[in-house]
Structures are given as C-alpha cells and as structure tokens.
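Here are my notes from a pass through this one, in the order I'd go through them at a whiteboard. Keep the viewer open as you read.

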Amino acid sequence: MRAAAAAALALAGCRDRGPVAVIRGPGGAVEVSLEVAATPAERERGLMYRTSLTEGRGMLFVFDEDRNHSFWMKNTLIPLDMIFISSDHTIAGIVVDAEPLTLTPRAVNEPAQYVLEIGGGLATRLGIRAGARVELHGVDGS
C-alpha cells in the first residue's frame, strides 16, 4: 500500500512539472519529461539544430491515429533513440542510435500514434523494449 501511495505522489509531482512519459518495463519505471510536438510545424522541426538533449528529457510526437511513421535526421545534430508507441500505449518498436545529419528513413514498420525521441543509446541502457507499457501524463488526447 505504501508503494502505491508513493507512486501516486510521484506521478502527481510529474504532472505539476509538465508532460511526462512513464515507461514501465521489466527493469522498473523510467520517467521522461516531455516537450510535445503536436502540430505539423512542431513535428517538422522536432529536435533539429539541438546540440544536446538532457538525460531524462525527450520530445513526444503526437499524431491523430496509429500509422506507420518514418523519421529522418536531417539537421539533427545528436544521435537519438526513437520509441514508437501505439494508441494502446505499448511500445511497437524502437530505432536505436539513429545517426545524425542523414536522410535515411527510420521506421519500425508497425503502426504508432506517438513517437518519443530520447538521447541515442538510452533505450538500451535503461532496458526499454518493445511491448513495454507507456503512461502519458499531461499530454492532450492521450
């Protein structure tokens, strides 16, 4: 009971800070503070021109429905992991360590409504895997 109360308080604190993703996998919960890219202009710009991305932070791309999405790294200066999340809030697949400054399409060939970009290599280091559940707090329409 105490653990559940502590988790509820921690998540309440997350909501006060802004949008948050909580990824629940075999290694426990991983929390990521989010910037949200919900409009076409925000999604087009994404994390381009950034020279760093603080651990524990990421950008969530929000789409209207599940679709096969493809991303490139044009004008993106840092390597990224791309976590594709379906509308049922499970991870459909992950592109690990996408190479910066390339036009190579990155996709997982599974439908997703959300794509979470985090620092390159973090998904592997944190034990984030396909099939894990993702809770989105403070994200409109989630």
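1. Start with the pairing of strand 2 and strand 3: these two run parallel and are joined by five bridges. If you want one residue pair to anchor the view, take L34, which sits opposite G58 in strand 3. Bear in mind throughout that this is a predicted model.

2. On to the partners of strand 6. Strand 3 pairs with strand 6 in the antiparallel sense, over five bridges. Within that pairing, R67 has A112 of strand 6 as its bridge partner. Strand 4 also pairs with strand 6 in the antiparallel sense, here over six bridges. For that second ladder, look at L80, whose bridge partner in strand 6 is G119.

3. Now zoom out to the whole sheet. What is the order of the seven strands? They run 5-4-6-3-2-1-7 in an open sheet, and the pairing is mixed. Strand 5 (91-98) and strand 7 are the edge strands, each pairing on one side only. On average, neighbouring strands are turned by 30° against each other, with direction ignored.

4. As for the overall layout, the chain has three helices and seven strands. Along the sequence they come in the pattern α-β-β-α-β-β-β-β-α-β. Among contacts with a separation of 6 or more, 69% are between residues 24 or more positions apart. Of the 142 residues, 42% are buried. The exposed surface comes to about 7600 Å², with carbon and sulfur atoms supplying 52% of it.

5. Next, the inside. In soluble globular proteins, nonpolar side chains tend to be buried together. Here the largest nonpolar core has 20 residues, and I23, L60 and L116 have the most contacts inside it. Elements that each supply at least two residues to this core are strand 1 (20-25), strand 2 (28-37), strand 3 (57-67), strand 4 (80-85), strand 6 (112-119), helix 3 (122-126) and strand 7 (133-137). A second core, of 17 residues, lies apart from it and includes A37, L53, F63 and M73.

6. I23 is worth selecting on its own. Which residues does I23 touch, leaving out those up to four places away in sequence? The list is G28, A29, V30, I83, I91, L116, I128, A132, R133 and V134. Note that L116, on that list, is also one of the residues with the most contacts inside the largest core.

7. The aromatics deserve a look too. There are three aromatic pairs in total. F61 and F71 have ring centres 5.0 Å apart and planes at 80°, so this pair is edge-to-face. It links distant parts of the chain, ten residues apart: F61 belongs to strand 3, and F71 to the loop between strand 3 and strand 4. Both residues are buried. F63 and F71 make another edge-to-face pair, at 6.5 Å centre to centre and 85° between the planes. F63 is buried, like F71. Taken together, ring pairs connect F61, F63, F71 and F84 into a cluster.

8. If you check backbone torsions, stop at two residues. H89 has phi near 70°, which is positive in a residue other than glycine. You'll find H89 in the loop between strand 4 and strand 5. L101 is the other, with phi near 60°, again positive in a residue other than glycine. Its place is in the loop between strand 5 and strand 6. Are these two buried or exposed? H89 has a relative accessible area of 15% and is therefore buried, the cut-off being under 20%. L101 is at 56%, and over 50% counts as exposed.

9. Last one: S33, in strand 2. With a relative accessible area of 15%, S33 is buried. Not counting residues up to four places away in sequence, S33 touches R17, P19, G56, R57 and G58. That brings us back to where we began, since G58 is also the residue that L34 stands opposite in strand 3.

Terms used: Residues are numbered from 1 along each chain as its sequence is written. Side-chain values use heavy atoms; hydrogens and water are left out. A nonpolar core is a set of buried Ala, Val, Leu, Ile, Met, Phe, Trp, Tyr and Cys residues joined through side-chain atoms within 4.5 Å. Buried means under 20% relative accessible area, exposed over 50%, partly exposed in between (1.4 Å probe, protein chains only). Helices (H or I, at least four residues) and strands (E, at least two) are DSSP runs, numbered from the N terminus. Contact means heavy atoms within 4.5 Å. Two strands pair if DSSP finds at least two bridges between them. Axes are lines fitted to C-alpha atoms, for helices over the stretch in contact, and angles run from 0 to 180 degrees between N-to-C directions. Accessible areas come from the Shrake-Rupley method with a 1.4 Å probe; for residues, only the protein chains shown count as cover. Rings of Phe, Tyr and Trp (its six-membered ring) pair if their centres lie within 6.5 Å; planes under 30 degrees apart count as stacked, over 60 as edge-to-face and the rest as tilted.
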